[in-house]
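This report describes how the helices and strands of one protein chain are arranged. It should be read alongside the sequence and the coordinates.

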Amino acid sequence: MTDKDYFRFKQFSVKHDRCAMKVGTDGVLLGSWTQVKDARTALDVGCGTGLIALMMAQRNETLTVVGIDIDDDAVEQARENVSVSPWKERIKIKKHDFNEVFGSEELFDLIVSNPPFYTEDTACPDDSRQKARHATSLPMATMMEQAARLLTEDGRLALIVPYSAAADVTGEAVMNKLYLCRRTDVRTTPRKQAKRTMLEFGRNMQPTVYDLLTLKDEEGNMSNEYKALTEDFYL
């Protein structure tokens with residue numbers, strides 16, 4: 001259930017009235033797709049409302065999550081959403097710019113981000129929304145450099161990016177000795193081209209698992225594969 005101020009999932013609700021970027025399909029996809037089973041610690045970069053942090057905590061009952069964002073309103077709202085969730089003891093929200101050196105020596109088994117990826121010359125008039133949407137606030141090169149420094153030896157980085165950017169992102173990862181493990185291209189309907197790509201990187205070279213996810217069937221209904229991916233969350 002949703003309205004303009006919040007989105008309700010099976011086990012938690014997310015208010016997003018003060019956040020530049022609202023709850024959307026990209027976040028739900030990444031939070032559902034990211035492999036969390038063997039992780040003990042996770043970092044959500046650009047956590048926004050806290051949606052992905054909450055989804056990961058729901059999926060792994062021993063996982064501890066740190067969510068960071070540069071926007072004051074987002075940090076406050078994420079903290080509010082976490083505070084009323086069943087996993088408030090395992091999620092911490094901090095104001096932090098990922099362009100800067102992370103404050104602690106802590107390493108993470110999993111780093112996940114729905115990063116700012118719009119690079120159009122036309123800026124969004126809302127400054128908070130611009131920071132959340134535009135890659136100028138967090139260049140992909142910085143994302144990869146920091147992830148390579150903060151991941152454990154067997155750690156993974158999971159991202160959702162535009163389909164058109166996937167090759168460049170993968171190349172940037174290789175420059176930081178992070179290698180593609182898994183790739184899922186996402187299209188809205190069977191007749192449309194993919195618009196998004198979910199990517200998982202690790203430190204070790206291995207065969208990449210490729211697949212394609214279609215969100216809706218020919219009649220415009222949620223596809224069975226999308227239902228299966230998100231069944232623990234959508235009402």
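In what follows, a residue is called buried when its relative accessible area is under 20% and exposed when that area is over 50%, with partly exposed in between. The structure is a predicted model.

**Confidence**

The mean pLDDT of the protein chain is 89, and 88% of its residues reach 70 or more. Residues 118-135 fall below 50, and this stretch has 28 contacts in the model beyond near neighbours in sequence. Where pLDDT is low, the predicted coordinates should not be read in detail.

**Helix α5 and its surroundings**

Helix α5 spans residues 140-150 and is mostly covered, with 8 of its 11 residues buried. The buried positions are Met140, Thr142, Met143, Met144, Gln146, Ala147, Ala148 and Leu150. These buried residues pack against three strands numbered β3 (41-45), β6 (108-113) and β7 (151-162), and also against helix α6 (166-175) and strand β9 (196-202).

**The paired strands**

Several of the strands that α5 packs against also pair with one another. The table lists each pairing with its sense and its number of bridges.

| Strands | Sense | Bridges |
|---|---|---|
| β3 and β6 | parallel | 4 bridges |
| β6 and β7 | parallel | 5 bridges |
| β7 and β9 | antiparallel | 7 bridges |
| β8 and β9 | antiparallel | 7 bridges |

Individual residue pairs help to locate these pairings in the model. Ala42 stands opposite Leu110 in β6, and Ile111 stands opposite Leu157 in β7. Leu159 has Leu199 of β9 as its bridge partner, while Tyr179 stands opposite Gly202 in β9.

Is β6 mostly covered or mostly exposed? Strand β6 is mostly covered, since 6 of its 6 residues are buried. Strand β9 is mostly covered as well, with 7 of its 7 residues buried. From β9, Arg196, Met198, Glu200 and Gly202 point one way, and Thr197, Leu199 and Phe201 point the other way; all are buried.

**Helix α3**

Helix α3 covers residues 72-83, and its length can be checked against the expected rise. At 1.5 Å a residue, its 12 residues should span 16 Å, because the expected span is 1.5 Å times one less than the number of residues. The end C-alpha atoms are 16 Å apart, which agrees.

The buried residues of α3 are Ala74, Val75, Gln77, Ala78, Asn81 and Val82. An α-helix has 3.6 residues a turn, so residues three or four places apart point the same way. The buried residues of α3 pack against β2 (13-15), α2 (51-59), β4 (64-69) and β5 (91-95). At the start of α3, a side-chain oxygen of Asp71 comes to within 3.2 Å of the backbone nitrogen of Asp73.

**Nonpolar cores**

In soluble globular proteins, nonpolar side chains tend to be buried together. In this model, the largest nonpolar core has 39 residues, of which Phe9, Phe12, Leu29, Leu51, Met56 and Ile91 touch the most other members. Two or more residues of this core come from each of α1 (25-33), α2, α3, β5, β6 and β7. Helix α2 gives the largest share, 7 residues.

Which residues does Met56 touch, not counting those up to four places away in sequence? Met56 touches Val36, Ala42, Asp44, Leu63, Val65, Leu110 and Val112. A second, separate core of 25 residues includes Phe108, Met140, Met143 and Met144.

**Two individual residues**

Arg59 lies in helix α2. Its relative accessible area is 31%, so Arg59 is partly exposed. Leaving aside residues up to four places away in sequence, Arg59 touches Gly31, Ser32, Trp33, Thr34, Val36 and Phe233. The side chain of Arg59 reaches the backbone oxygen of Thr34 at 2.5 Å. Arg59 and Asp232 are 173 residues apart along the chain, yet their C-alpha atoms are separated by 8.5 Å.

Lys177 is in the loop between α6 and β8. Although Lys177 is not a glycine, it has a positive phi of about 60°. Its relative accessibility is 61%, and Lys177 therefore counts as exposed.

Key
Residues are numbered from 1 along each chain as its sequence is written. This is a predicted model: local features need pLDDT of at least 70, side-chain atom pairs count only at pLDDT 80 or more; totals for chains, interfaces and linings use all residues. Side-chain values use heavy atoms; hydrogens and water are left out. Buried means under 20% relative accessible area, exposed over 50%, partly exposed in between (1.4 Å probe, protein chains only). Contact means heavy atoms within 4.5 Å. A polar contact is a pair of N or O atoms within 3.5 Å; within protein, one must be able to donate a hydrogen and the other to accept it, and residues adjacent in sequence count only if both atoms are side-chain atoms. Two strands pair if DSSP finds at least two bridges between them. A nonpolar core is a set of buried Ala, Val, Leu, Ile, Met, Phe, Trp, Tyr and Cys residues joined through side-chain atoms within 4.5 Å. pLDDT is the predictor's confidence in each residue, from 0 to 100.
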